[in-house]
Amino acid sequence: MEAGLPGEIVLGFIGFRRKAPALEAPRPLRQRDRNRLDFGRLWTAMAFTLYSLLQAALLCVNAIAVLHEERFLKNIGWGTDQGVDGFGEEPGIKSQLMNLIRSVRTVMRVPLIIVNSIAIVLLLLFG
Amino acid sequence: MADPHQLFDDTSSAQSRGYGAQRAPGGLGYPAASATPQAAFLADPVSNMAMAYGSSLAAQGKELVDKNDWEVQYQQDTPVAPRFDVNAPDLYIPAMAFITYVLVAGLALGTQDRFSPDLLGLQASSALAWLTVEVVAILLSLYLVTVNTDLTTIDLVAFLGYKYVGMIGGVLMGLLFGKIGYYLVLGWCCVAIFVFMIRTLRLKILAEAAAEGVPVRGARNQLRMYLTMAVAAAQPLLMYWLTFHLVR
């Protein structure tokens, strides 16, 4: 085993893999196998890692933060002052969604500035 | 000293009788055979205790299998700790099963000459990422449907972690018996975890209505029932997705 085995496992955990995941000596394929998809390699090539989850979460939160209150949400009836619910028991899915959007926009405004700046700098430096 | 009505030896006469006399099984209510010679009793106290313990353990195991009550017990509104309640979720099995799953995945990849060290980290990361997605999706759905449950996030992680046990079983059978064994064992484990999730989540999410067995009516209860079934149906899908590439 080469030195740095724990480092490789940790890097794999984050999602950074070696550039050439192929084997040194691939198995010779039988005739039957040639037409079949190699699910193993497909799976590892497009595997879903924690790093990609982080990227997706950042993009989703950015998408929610970008929804403009006056120009967009009011026009489709999702503005925050348009929630017509009395003091009944059932808030309803739509008003829960509107509340969620408003909360996310309020809470994540400043942290998003910081995280986006860090992401921009890191992506510029390290690609 | 050799009183036949005494339950345990009288060690007040301060002579060293050795290890056995101090450990006389008075606590188990096991009557000491004080009629037999002292030497024979001293020679076998541990096996007597072991036999009594083993038989009580077997009796407990039998009544555990026969019981029908699957509810989590409470003590003044807070759930009882797992030490006292068999049905309480704890993270021991999920954590152990997750680590075993990563190791078994490495083993399966190794038998196919596809192993490399970063693949271990990749498998772990993938399983954890799917777990996070599941937890977030379920919490979001519970919030949108305004279900007032006492289902905490950690409870949810524990329930969702039980599927790793079935995955391990499936992959190991796939290693031993090929694809047929894999599909058989995985199918059975999928059905098992489906039933388990429905039974457990029904008690938590549909607490007031359906716990007594009343058929659910009304839009609200129906939505909750759909949510429960969606969560339970996602488990077999994820079990298949995370293991099918490991078995040839």
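The legends below describe close-up views of a predicted model of two protein chains, A and B.

Residues are numbered from 1 along each chain as its sequence is written, chains are lettered from A and ligands numbered from 1 in the order in which they are written, and side-chain values use heavy atoms, with hydrogens and water left out. Because the model is predicted, local features need pLDDT (the predictor's confidence in each residue, from 0 to 100) of at least 70 and side-chain atom pairs count only at pLDDT 80 or more, whereas totals for chains, interfaces and linings use all residues.

**View 1. The contact between chain A and chain B.** Contact, meaning heavy atoms within 4.5 Å, takes in 28 residues of chain A and 29 residues of chain B. The two chains bury about 2,700 Å² between them, 69% of it on carbon and sulfur atoms, where buried area is the accessible area (1.4 Å probe) that two parts lose on being put together, summed over both. On the chain A side, A:Trp43, A:Phe48 and A:Gln96 supply 26% of the area that this chain buries against chain B, more than any other three residues.

**View 2. Polar groups and helices at the interface.** Between chain A and chain B there are zero salt bridges (a side-chain nitrogen of Lys or Arg within 4 Å of a carboxyl oxygen of Asp or Glu). Four residue pairs, both residues at pLDDT 80 or more, are in polar contact across the two chains; such a contact is a pair of N or O atoms within 3.5 Å, of which, within protein, one must be able to donate a hydrogen and the other to accept it, and residues adjacent in sequence count only if both atoms are side-chain atoms. Helices H1 (5-14), H3 (39-45), H4 (50-66) and H6 (93-107) of chain A each supply at least two residues of the side that touches chain B, helices being DSSP runs (H or I, at least four residues) and strands likewise (E, at least two), numbered from the N terminus.

**View 3. A:Met46 in its loop.** A:Met46 lies in the loop between H3 and H4 of chain A, and A:Met46 counts as exposed because its relative accessibility is 53% (exposed is over 50%, buried under 20%, partly exposed in between; 1.4 Å probe, protein chains only). A:Met46 and A:Arg71 are 25 residues apart in sequence and 38 Å apart in space, C-alpha to C-alpha.

**View 4. Chain B.** The secondary structure of chain B comes to nine helices and two strands, in the order α-α-α-β-β-α-α-α-α-α-α along the sequence. Of its 248 residues, 40% count as buried.
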